[in-house]
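Me: I would like to go through the salt bridges of this protein with you, one pair after another. Please reason through each answer before you settle on it.

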Amino acid sequence: RDLRAALHRAWPMLEATDLVGDLWTVPAYLRRCAPSLTVEQVRALQRAEPTAWTVSDLPLLDAARQRLGDPEVSARRRRHEAAVAAERDEVAKVVEHLVANDDSEMHLMSMLRGEDLQRALDDPGDGNADSDLLAGPFAHVVVDEAQELTDAEWQMLLARCPSRSLTIVGDRAQARHGFTESWQERLARVGLDRVAMSSLSINYRTPEEVMREAEPVIRAALPDANVPTSVRRSGVPVVHATRADLESVVDRWLAEHDDGVACVIGDPSFAPRPRVRSLAPELSKGLEFDLVVLVEPESFGTGFEGAVDHYVAMTRATQRLVVLR
């Protein structure tokens, strides 16, 4: 018992959550791990509740677990071995019962006593069935919305794909937190220096009428943004009206269209209806709607983030766009 206590004091069993949580509650730890941080930055990163996790904590938790290991591995393996042993005992009892009651001439049931046959019935697992199925390694990884990944998040992916074989899909014009460098520069910085680039030049979703008004919005923030050329026209110009017209715009569209979906973006007070959703601008990415109604897009924010939210919200429209101010 004394020896075990001494070992635990010398080599305590550390959890990734404890290690990362200490960074946000013990300033000295954070300064030791990140000496380039100023006193003000260290103070700003401190938390009253160390385990009030955010998405930004995930790469740190992952890196800590990679270095510390999974403390539950041994326990899972012991549980698995105990389960296998219990199952073997049960199988042995069944076999003995079958052999004892075998009245065939050749006593075929006695063959079940063979160790090879009994081992064939064992669970082939190694006790890690409940371990992280996303830990890898993977031969190839497809990365979507890659413009949003931080350097730390890229390290999570690369740790799971040692071959560095990836298909990366992203749009600098949709990076809410800014993406002023080129893709080659960004990927080289995170450790990917052999890159074959292919740019999307044709827009199949958004009609020309909408893209004509959306392009200046993003170019004001990112002059070299890749804005694809629309392959079609809808014949419906973008409509500009007042916020007071919101209900009538939606009612008229529903009356004129028996199918299709619409979305009101930027008005949290608008109650969703059948076939009409209500979303914040940052939640509209990746979606598309026949009708999009933007409510006071200037309120989406200023700077790069506001421009990106405005541009993304506009380009969700596949047929009609209405802008209310």
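Me: Which residue forms a salt bridge with Arg 243?

Reply: In this predicted model, the partner has to offer a carboxyl oxygen within 4 Å of a side-chain nitrogen of the arginine. The closest N and O atoms of the pair are 3.3 Å apart, and the residue that Arg 243 pairs with is Glu 296.

Me: How many residues apart in sequence are the parts that Arg 243 and Glu 296 tie together?

Reply: Arg 243 lies in the loop between β5 (239-241) and α11 (246-256), whereas Glu 296 belongs to the loop between β8 (289-295) and α12 (303-314). The pair therefore ties together parts of the chain whose separation in sequence is 53 residues.

Me: Is Arg 186, which meets Glu 181 in a salt bridge, buried or exposed?

Reply: The side chains of Glu 181 and Arg 186 meet at 2.6 Å, N to O. Glu 181 has a relative accessible area of 18%, and the value for Arg 186 is 9%. Because buried means under 20%, Arg 186 counts as buried.

Me: Where does Glu 298 lie, the residue that Arg 325 meets in a salt bridge?

Reply: The side chains of Arg 325 and Glu 298 meet at 2.6 Å, N to O, and the pair links distant parts of the chain, 27 residues apart. Arg 325 is in the segment after β9 (317-324), while Glu 298 is in the loop between β8 and α12.

Methods:
Residues are numbered from 1 along each chain as its sequence is written. This is a predicted model: local features need pLDDT of at least 70, side-chain atom pairs count only at pLDDT 80 or more; totals for chains, interfaces and linings use all residues. Side-chain values use heavy atoms; hydrogens and water are left out. Buried means under 20% relative accessible area, exposed over 50%, partly exposed in between (1.4 Å probe, protein chains only). Helices (H or I, at least four residues) and strands (E, at least two) are DSSP runs, numbered from the N terminus.
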